[in-house]
Amino acid sequence: MGRGRSEIKRIENPTQRQSTFYKRRDGLFKKARELAVLCDADLLLLLFSASGKLYHFLSPTVPSVKEFVERYEATTHTKVWADIRQERRAELEKVGNMCDLLEKQLRFMTVDDSEQYTVPSLEALEHNLEAAMRKVRSEKDRKIGGEVSYLQNIIRGRQEERYGLCDKIAHAQILKDVECGSTSLSNGLDLKLGFN
């Protein structure tokens, strides 16, 4: 009697799941070997476990993974391997252009005594410097405003704390006077709340 088919769903028990993974992996690799030998097929099988461990099978007729992937790229007209040198060259060119631009801006913002400047170029330099100064002043004002607001909040919190303590002291004095049998509040308690 044959085994019944089980429903294909994720195995919840981790030990059972790992055991099933190893058994099925071995079965898959066995089938891959058989297919490569019986049919003289070039085969590359890559398998990552749930923990990220790589398992692979490469048929004996394939010299290397790189050559196999290059053959795949040529057949499908897609790129699996990115040409790292080309990407780095483009990145270096981009950074070089940015450096050139920054150097040009820096040269433009400094006045060299040995060079002869025209009035329009000096006016443009003056305009750029004024714009930079406005940005710096704006940022400085924003920072100062933030610090002032922060300090005002601290002062407000301390004043509220102080008023709360004064209220507690007054309440404690009233309770003490009531316990002592005195109903009058004129026994010398003078609280200064800091109002001018």
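The lining of the second largest pocket divides into five nonpolar, three polar and three charged residues. Keep in mind that this is a predicted model. The residues in question are Arg10, Pro14, Arg17, Gln18, Phe21, Tyr22, Ser49, Ala50, Ser51, Lys53 and Tyr55. The space in this pocket comes to about 210 Å³. Which element gives the most to the lining? That is helix 1, residues 14–39, with five residues.

Two of the lining residues lead on to other features, so to speak: Arg10 and Tyr55. I take Tyr55 to begin with.

Tyrosine 55 is in strand 2, where it is the bridge partner of leucine 47. Strand 1 and strand 2, the latter being residues 54–58, run antiparallel and are joined by five bridges. The hairpin they form has five residues between the strands, and glycine 52 there takes a positive phi near 95°. Now the faces of strand 1. In a regular strand, side chains alternate between the two faces of the sheet. Strand 1 has Leu45 and Leu47 on a covered face, while Leu44, Leu46 and Phe48 are on an uncovered one.

Just before that strand there is a second positive phi to mention. Aspartate 40, a residue other than glycine, has phi near 50°. Aspartate 40 lies in the loop between helix 1 and strand 1. Is aspartate 40 buried or exposed? With a relative accessible area of 58%, against a cut-off of over 50%, aspartate 40 is exposed.

Next, salt bridges. How many are there by the rule used here? The count comes to four, and I will go through three of them, including the one with arginine 10. As background, side chains of opposite charge can pair when their charged atoms come close.

Arginine 10, which we met in the pocket lining, forms a salt bridge with glutamate 12 at 3.5 Å, N to O. Both glutamate 12 and arginine 10 are exposed.

Aspartate 42 and arginine 71 form another, at 2.7 Å, N to O. This pair links distant parts of the chain: aspartate 42 is in the loop between helix 1 and strand 1, arginine 71 is in helix 2, residues 65–76, and they are 29 residues apart. Aspartate 42 is partly exposed, with a relative accessible area of 29%. Arginine 71 is also partly exposed, at 47%.

The third on my list joins arginine 142 and glutamate 139, with an N to O distance of 2.7 Å. Where does this pair sit? The two residues are three apart in helix 4, so about one helical turn separates them. An α-helix has 3.6 residues a turn, so residues three or four places apart point the same way. For accessibility, arginine 142 is exposed, with a relative accessible area of 53%, and glutamate 139 is partly exposed, at 33%.

That leaves helix 4 itself. Helix 4 covers residues 119–179, which is 61 residues. From its first C-alpha to its last, helix 4 reaches 89 Å, close to the 90 Å expected at 1.5 Å a residue. Which residues of helix 4 are buried? They are Leu125, Cys166 and Asp177. The threshold for that label is under 20% relative accessible area.

Technical notes
Residues numbered from 1 in each chain as written. Predicted model: local features only at pLDDT ≥ 70, side-chain atom pairs only at ≥ 80, totals over all residues. Heavy atoms only, no water. 1 Å grid on protein atoms, 1.4 Å probe; cavity = no way out; pocket = protein on both sides within 12 Å on 5 of 7 lines; lining within 4 Å. Points joined across faces, edges and corners; volume = space filled by probe spheres on them. Helix = DSSP H or I, 4+ residues; strand = E, 2+ residues; numbered from the N terminus. Nonpolar A, V, L, I, M, F, W, Y, C, P; charged D, E, K, R; others polar. Expected span 1.5 Å × (residues − 1). Buried < 20%, exposed > 50% of the residue type's maximum accessible area, 1.4 Å probe, protein only. Salt bridge = Lys/Arg side-chain N within 4 Å of Asp/Glu carboxyl O. Pairing = 2+ DSSP bridges.
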